[in-house]
Protein chains: 2
Amino acid sequence: MSTTTSTRASAARERIVETAFSLFYARGIRAVGVDLIIAESGVAKATFYKHFPSKDDLVVAYLDRVDDVWTAQLKQAATAAGDAPAVQLVGLFDALGTACRRDGYRGCAFINAAAESQPGTPVHDRTVAHKTAVLSWVSDLATQAGARDPGGLARSLTLLLDGGLASGSLDASPEAPRVARECADALVSAALAGRPSPAAGR
Amino acid sequence: MSTTTSTRASAARERIVETAFSLFYARGIRAVGVDLIIAESGVAKATFYKHFPSKDDLVVAYLDRVDDVWTAQLKQAATAAGDAPAVQLVGLFDALGTACRRDGYRGCAFINAAAESQPGTPVHDRTVAHKTAVLSWVSDLATQAGARDPGGLARSLTLLLDGGLASGSLDASPEAPRVARECADALVSAALAGRPSPAAGR
DNA sequence: TTGCACATAGACAGATCTGTCTGTTAGCGT
DNA sequence: ACGCTAACAGACAGATCTGTCTATGTGCAA
């Protein structure tokens with residue numbers, strides 16, 4: 001087992017991805033050159049290109065990192081709200097509020113990346129995959145909650161979530177996440193009306 | 001009166017803005033160089049820089065153009081749906097469906113532009129101004145409709161709209177706009193429950 | 001000790017991008 | 001007929017960006 005190797009490789013690679021995470025998000029992907037990332041992460045150019053044969057490879061790694069982080073925050077917010085799926089569907093919106101409040105918040109990294117890439121490219125595909133994964137997770141939750149139309153409810157909620165993510169950076173007020181959460185609450189309640197049992201129906 | 005002058009000036013300027021409109025939207029702002037716009041619009045470089053001293057000036061003109069077009073489409077969809085404000089609040093979502101169906105659709109030009117610019121710059125400010133204007137228009141409509149909480153309703157609806165605009169480009173299915181519209185319908189009905197009169201209440 | 005895998009340092013090529021500058025051409029009003 | 005203004009054509013400077021290449025250093029294992 002090449003523990004030593006991969007550990008050492010990780011050190012440089014990890015620094016690169018970490019730096020890319022900050023810079024790409026804060027300034028945009030095209031606005032940040034590899035030279036800056038190399039300088040900022042204190043890595044040699046050859047090392048950089050050994051780990052990431054092209055800039056796009058790093059961008060993909062960046063998006064994978066964002067996916068890990070954001071998905072974890074969503075799930076954490078959901079479970080923190082309670083055990084019942086219906087409660088979790090609303091609770092996940094707390095992650096939105098937390099994200100928008102963080103300073104340096106600049107919207108959804110995926111939507112931003114999609115804005116800078118063409119459909120059909122690996123980078124753009126990553127965005128689609130992420131949004132699909134979130135939708136499917138919310139859909140499962142809606143099914144477990146016993147919603148009348150789980151797919152439709154999930155779609156509505158993710159629409160609201162994406163809207164909140166997009167608006168949050170254009171609007172200093174904390175109103176957007178709050179309204180999104182309240183709105184989600186109303187939608188979930190409506191979708192569950194008449195089947196208030198904690199366990200899924202039938 | 002310099003009618004002649006401004007008419008002539010318009011010809012070149014108009015071609016530039018029109019070209020920028022297509023290219024910036026389709027490929028992203030940073031991805032399109034001024035050289036390409038100059039070539040594509042068949043204009044001399046000196047002429048370009050006479051009308052737009054810097055690329056950013058053109059980007060601002062581009063966003064102003066998008067604002068005109070999109071705002072008109074929203075209002076057209078709203079009035080086409082009917083005269084009652086409550087109906088218009090839902091009807092405006094038809095513009096979303098139409099936009100998403102157009103091919104080459106690549107999300108909201110403003111959100112995309114914001115993704116490529118820094119807060120505090122003229123370009124970014126344009127985005128904020130646009131979103132603020134839409135919110136305020138929807139808010140007026142909600143007030144006229146006699147909604148319980150016009151501001152909150154307007155916020156919810158624009159959240160849904162932005163979410164639809166963002167998701168629409170990541171998701172080939174026409175489901176997002178449809179769900180957004182249905183969801184808007186539910187929200188408007190809920191906000192108006194108990195005051196079904198076409199004229200605002202009290 | 002010798003070799004190997006990984007890292008550093010930084011010069012370099014080639015493309016591209018923004019913005020400037022020079023010189024020429026065409027239409028319009030006086 | 002003349003001059004003004006806008007437009008055209010395109011070379012040029014300077015910066016920046018991606019990606020390659022050479023030369024060197026370092027720690028671990030056999």
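**Exercise 1. Determine whether Phe24(A) is buried or exposed, and describe its ring partner.**

Phe24(A) has a relative accessibility of 2% and therefore counts as buried, where buried means under 20% relative accessible area, exposed over 50% and partly exposed in between, with a 1.4 Å probe and protein chains only. The model is predicted, so that local features need pLDDT of at least 70 and side-chain atom pairs count only at pLDDT 80 or more, while totals for chains, interfaces and linings use all residues. Side-chain values use heavy atoms, without hydrogens and water, residues are numbered from 1 along each chain as its sequence is written, and chains are lettered from A and ligands numbered from 1 in the order in which they are written.

For the partner, rings of Phe, Tyr and Trp (its six-membered ring) pair if their centres lie within 6.5 Å, with planes under 30 degrees apart counted as stacked, over 60 as edge-to-face and the rest as tilted. By this rule there are eight aromatic pairs over all chains. One of these joins Phe24(A) to Tyr62(A) in an edge-to-face arrangement, 5.3 Å centre to centre with 70° between the planes. Tyr62(A) is likewise buried, at 2% relative accessibility, and Phe21(A), Phe24(A) and Tyr62(A) form one aromatic cluster.

**Exercise 2. Work out which operation superposes chain B on chain A.**

In general, two copies of a chain are related by a rotation about an axis and a shift along it. Here the rotation is 180° and the shift along its axis 0.0 Å, with an RMSD of 0.0 Å, the fit being by least squares on the C-alpha atoms of residues with pLDDT of at least 70 in both copies. The two copies are thus related as by a two-fold rotation axis. In chain B, the C-alpha nearest the axis belongs to Gly163(B), at 1.8 Å.

**Exercise 3. Identify the partner of Glu175(A) in a salt bridge, and state how accessible each residue is.**

A salt bridge is a side-chain nitrogen of Lys or Arg within 4 Å of a carboxyl oxygen of Asp or Glu, and the structure holds 16 of them over all chains. Glu175(A) forms one with Arg155(B), the closest N and O atoms lying 3.0 Å apart. This pair crosses between chains, from helix H10 (residues 175-192) of chain A to helix H9 (residues 150-168) of chain B, helices being DSSP runs of H or I with at least four residues, numbered from the N terminus. Glu175(A) is partly exposed at 27% relative accessible area, whereas Arg155(B) is buried at 9%.

Notes:
Helix = DSSP H or I, 4+ residues; strand = E, 2+ residues; numbered from the N terminus.
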